[in-house]
Structures are given as C-alpha cells and as structure tokens.
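Subject: Structure for you to look at

Dear colleague,

I am handing over the structure below, and I would be glad if you could open it beside this message while you read. My notes on what was found follow after it.

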Amino acid sequence: MSLLDLLLLLLVLVLAGALFLRRKGEDGEARRLLEAAREEARLALEAARAEARTLKEEAEAKARRLREELEADLRRRLEEEAKEARKRLEEAEARLKGEREELKAERERLLALQAELKAERERLKEEREDLRREADRLSKRGEALDARALRLDALEEALARREAALKEKETALLEREKEVERRLFEVAGLTPEEARRLVLEKLDQELEEEKAQRVRAAVERARLEAKREAQKILAQAMQRQASETAAQLAVSVVPLPSDAMKGRIIGREGRNIRTFEALTGVDLIIDDTPEAVLLSSFNPIRREVARMALEELLKDGRIHPSRIEEVVEKAKGEMKTFIYERGEEAALEAGVVGLKPGLIQLLGRLHFRSSYGQNVLKHSVQVAHLAGIMAAELGLDAGLARRAGLLHDIGKSVDREVEGSHVEIGIALARRFGEPLEVVDAIAHHHDPENAETLYAVLVAAADALSAARPGARRESLEEYLQRLEALERIALSFPGVETAFAVQAGREVRVIVKPDKITDAKATLLAREIASRIEREMNYPGQVQVTVVRETRAVEFAR
C-alpha cells in the first residue's frame with residue numbers, strides 16, 4: 001500500500017472519530033482535539049500531496065526516459081529491419097532480374113529453335129519434293145526401259161534368225177571361195193602365198209582410198225548438217241551478248257594527301273603498320289613512290305578491305321592501333337554488304353530470281369575472283385545470257401538455263417578455303433541450297449558435256465567455251481603463248497611425211513604442209529584428223545584449234 005493511501009485512511013479515521021465524539025455530546029476538549037486532528041490531517045494531507053507531486057514528477061521523468069529509450073530502441077530496430085528489408089528487396093530484385101534475363105535468353109533460344117525447325121521443315125519439304133520428282137522420273141525411265149527391253153528382245157530374235165541365215169551363207173561362200181582360189185591358182189600359175197600377198201596389197205590400197213573418202217564425206221556431211229542450226233543460234237547469242245574484261249592485279253595503290261602521312265602510317269617504332277598488316281593480312285609497302293603506298297596480297301577481298309580501311313584512316317586523320325582495329329572491323333562489315341550487293345546485281349542482270357541469301361553472298365565473292373585475267377562474275381553473267389538465248393532458240397526453259405549458267409562456277413567462290421575442285425565444291429553448294437537437278441548437272445558437267453544427263457549442261461558447256469574463247473576475253477603471258485605455239489608446231493612435225501608446220505591466228509589454227517610424194521590426198525584427210533586428236537589429248541587451250549593440211553603438186557617445164 002502506498003503512502004497516499006495511508007494518509008487517506010488516517011483522514012477517514014479522524015473524521016469518523018470527530019463524528020463519534022460529536023454524537024456523544026462531549027465538550028470543548030473534544031472539539032479541540034478534533035481541531036488538532038483536523039490540522040494534523042491537513043498538514044499530513046499537504047505533505048502527502050507534496051510527496052505525491054514529487055513521486056508523480058519522478059514517475060513522469062522516469063516514464064519519459066523509458067519512453068525515449070523505447071522510442072530510440074524502436075527506431076533502431078525499425079532502421080535495422082528497414083535495412084534488412086531493403087537488402088532482401090535488392091536481393092529479390094537481383095534474383096528477379098537474373099530470372100528475367102534467363103527467361104529472355106530462353107525465349108530467344110526457343111525462337112531460334114523455332115526458326116531452325118521451320119528452316120529444317122522447309123528443307124525436308126523441298127527434299128521430299130525432289131525425291132518425288134526423282135521417283136517420277138525414275139518411274140518414267142523404268143517404263144521406257146521396259147518398252148525398250150521388249151523391243152530389244154524382238155530385235156534379238158530377229159538378229160538370231162538373221163545370224164543363222166548368215167552363217168549358212170558364210171559356209172557356202174567359204175566353200176565357193178576355196179573353189180575359186182583353187183581355180184585361180186591353176187590359171188595364174190602362182191603359189192597360194194604369192195597370190196595372197198598380191199590380193200592383200202590391192203585390198204589395202206582400195207580400203208585406204210575408200211576409208212579416206214568415207215571419212216571425208218562423213219565429216220563434210222556432219223559439218224553441213226550442224227552448220228545450219230549452229231550458225232543461227234551461236235550468231236544470235238554472240239551478237240546479243242558482250243561484256244568487258246577486267247584484269248585483276250595483286251597490288252592496289254592508295255594515294256596519300258602528302259608524304260608526311262607515311263610516317264603517321266608507320267607509327268612509333270612501326271606499331272601502326274604492324275597492327276594494320278596483322279589485322280588485314282595484307283602487306284603494306286611504303287617506298288619512295290611520291291604520295292602513294294602499295295597494298296600487296298593475292299587475296300583480292302583482303303586487299304579491298306585493307307584499301308577501304310586505309311582510305312578511311314587517311315580521311316579521319318587519327319591513326320593508332322585501337323582506331324585501326326575499329327576501322328578494319330567496320331571495313332569488313334561494309335565489304336560483306338558490298339559483296340551481297342554485287343551478287344544481287346549479277347542475279348538481276350542475268351535475270352535469275354529466287355536465289356537464297358547465302359547463295360547470293362557466294363555469288364558476290366566471284367566479283368573478286370579471276371581466271372586467266374577474266375572476271376569470273378562477269379563471265380558467269382555472260383554464260384547465263386548465252387545459255388538462256390540458246391535455250392530459248394531450242395524451245396527449252398530459258399530461265400532454268402540462265403540459272404545454271406550463272407551458278408556453273410559458284411565453287412570458285414570458296415575453292416581457296418575448301419578442299420576439292422571448283423566443280424565438286426559447286427555441286428555440294430548447289431545441293432546444300434536446294435538447287436534443281438538440272439543446275440547441279442550443269443555444274444557437274446560444264447567441262448564434261450559428253451557425260452551430262454540433261455541438255456542444260458551441254459548448253460552451259462557451250463556458253464562457257466564461247467565466253468572464254470572469244471577474242472580478248474582472257475589474257476595469258478607471252479611465255480605461255482609462245483610455248484603453246486611451239487607445242488602445236490612440234491606435234492604437227494612429229495608425223496611422218498610432214499615437211500613444215502606453222503601455228504597462225506594466235507594459235508587457233510595449224511597449217512601443215514606435207515610432202516606430195518609421200519602423202520596422198522586421201523592420207524591428208526586422215527593426217528588432219530590424227531593431228532587434231534593428238535592436240536586434244538596432249539594440250540590445254542581455250543576454244544578450238546583448226547588443223548589444215550596442205551598438199552601441193554607442181555609440174556615444172558621450161559620452153560627453150
């Protein structure tokens with residue numbers, strides 16, 4: 001019990017005593033005692049109130065301190081919890097961001113997989129269509145072969161009957177021949193060996209004359225039959241198609257604004273030129289040539305990238321290793337765009353549509369490829385035009401012929417990076433990009449038309465020969481030119497009966513002069529054919545070589 005409660009209880013007791021004494025009717029002493037009690041009670045009450053106020057103030061101060069301590073503790077805990085909450089929030093945000101990045105990457109991967117699946121589905125669809133066409137073609141060929149087999153069986157039966165009849169006649173003729181020989185020996189008075197020798201000599205002469213006449217007649221007849229149609233087709237094709245030729249060099253010249261630029265290109269201790277050569281793979285030649293530097297490389301694409309990068313550096317003026325790396329990367333990107341544009345232009349010029357982007361990129365690389373000084377891309381476009389013209393004249397698909405002609409040398413675009421000949425590489429590329437069977441056959445046999453399965457391969461081979469053999473299309477060194485002329489004359493002089501030989505018209509004709517007492521007119525025809533066959537076997541040459549055998553007989557007499 002507190003002090004305040006005790007004082008209140010005392011006051012109640014005093015008041016109760018006073019009331020009790022008043023009721024008993026006591027006298028003034030009692031009142032005095034009551035007054036004294038009242039005073040004591042008042043004083044005790046005031047003291048109690050003062051003590052209560054003091055206790056209240058102490059309690060309030062203690063409460064304030066406790067409240068402040070609680071508030072400080074609460075603020076500290078709130079701050080710690082806020083920090084912990086912020087930390088957890090940041091961790092949750094980081095985790096959520098990582099999960100979002102993973103989901104984004106997963107979505108991109110799924111999109112890429114969908115694109116690959118779509119492309120694979122398209123490729124499988126094209127392969128199924130090709131297989132269906134191939135199956136139809138094989139089915140038709142099988143039916144044709146069955147019909148041909150039936151015809152051959154009938155012909156074999158007829159031939160067997162005819163062979164039996166011929167054997168009977170042969171037996172009869174042998175008997176009759178023996179009888180004739182016996183009578184001839186009796187009439188001529190010769191031995192069998194002498195008679196056989198005379199007959200064989202006469203027969204050899206007659207057969208040689210007849211063989212030469214038949215060869216000459218067959219060649220002339222074939223020439224006349226082929227000349228009518230070929231003249232029209234080839235003349236129109238050659239007249240309607242012509243293109244410029246460009247000789248590709250291994251060195252590019254880049255002009256400089258001043259000779260002072262050479263030092264900046266070299267850089268401190270040669271670091272700029274070393275960086276440039278390492279990034280481009282091209283030799284940078286800086287010599288005494290005024291206001292010019294040379295870029296040397298047998299790879300024309302690298303050389304062109306280096307030229308573009310060097311011109312950009314000279315234009316910008318800032319030349320240091322990091323800037324060189326940046327400019328070279330930019331030039332490589334621009335080169336890819338340039339190559340694709342050249343491929344698109346070639347396809348548009350040739351009238352070929354529907355080529356896949358990868359094939360167009362490979363086609364554009366032919367812009368930097370040359371063969372005997374002839375630009376391969378321009379050559380391919382010209383072959384496409386020639387093949388299309390001839391196909392139209394023959395009633396074939398001109399668009400398919402142009403496509404085959406444009407892509408016949410596509411293997412040369414990567415033959416420096418991939419093993420194999422340009423024909424093998426071209427076949428693989430055409431099949432990879434889903435080109436038609438006729439285009440693949442033309443690529444495979446444009447150097448070997450005898451084994452071709454379609455007429456388009458023959459047309460592309462003819463167009464390829466026309467484009468390469470026309471005057472001015474290709475260039476060759478003087479040494480190779482002289483060696484070819486000497487080889488032609490040497491082959492002609494190696495035959496017996498040849499007096500002299502001359503290679504004329506830049507090696508496109510060989511004129512052979514023979515001895516008239518050893519070579520007859522009939523043998524001259526055979527000699528020309530033998531020389532041409534040997535040239536085909538032993539030499540490589542563009543176009544064709546005409547062999548002309550000249551036999552001259554003179555009768556000289558003097559009038560006196």
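Which residue stands opposite Val-549 in β8? Please keep in mind while looking for it that this is a predicted model. The residue standing opposite Val-549 is Val-512, and the two strands to look at are β7, residues 509-514, and β8, which pair in the parallel sense over 5 bridges.

Strand β8 covers residues 546-550, and its side chains alternate along the strand, with Val-547 and Val-549 pointing to one face, where they are buried, while Gln-546, Thr-548 and Val-550 point to the other face and are not buried. This follows a general rule, since in a regular strand the side chains alternate between the two faces of the sheet.

Two helices come next. Helix α9 runs over residues 376-393, and because a helix is expected to span 1.5 Å a residue, its 18 residues should cover 26 Å, which agrees with the 26 Å that separates its end C-alpha atoms. Of these 18 residues, 14 are buried, so α9 is largely enclosed by the rest of the structure. At the start of α9, a side-chain oxygen of Asn-375 reaches to within 3.0 Å of the backbone nitrogen of Leu-377, and just after the helix Gly-395 takes a positive phi of about 80°.

Helix α10, residues 398-407, is mostly covered as well, with 8 of its 10 residues buried; among them are Leu-400, Arg-403, Leu-406 and Leu-407. At the start of α10, a side-chain oxygen of Asp-397 reaches to within 3.1 Å of the backbone nitrogen of Gly-399.

Finally, there are two single residues that I would ask you to find. Glu-304 lies in helix α6, residues 300-316, and it counts as buried because its relative accessibility is 18%, where the cut-off for buried is under 20%. Leaving aside residues up to four places away in sequence, Glu-304 touches Met-335 and Phe-368.

Arg-137 is placed in helix α2, residues 28-188, and because its relative accessibility is 27%, Arg-137 counts as partly exposed. The side chain of Arg-137 makes a polar contact, at 2.5 Å, with the side chain of Glu-134.

With best wishes

Terms used: Residues are numbered from 1 along each chain as its sequence is written. This is a predicted model: local features need pLDDT of at least 70, side-chain atom pairs count only at pLDDT 80 or more; totals for chains, interfaces and linings use all residues. Side-chain values use heavy atoms; hydrogens and water are left out. Helices (H or I, at least four residues) and strands (E, at least two) are DSSP runs, numbered from the N terminus. The expected span of a helix is 1.5 Å times one less than its number of residues. Buried means under 20% relative accessible area, exposed over 50%, partly exposed in between (1.4 Å probe, protein chains only). A polar contact is a pair of N or O atoms within 3.5 Å; within protein, one must be able to donate a hydrogen and the other to accept it, and residues adjacent in sequence count only if both atoms are side-chain atoms. Contact means heavy atoms within 4.5 Å. Two strands pair if DSSP finds at least two bridges between them.
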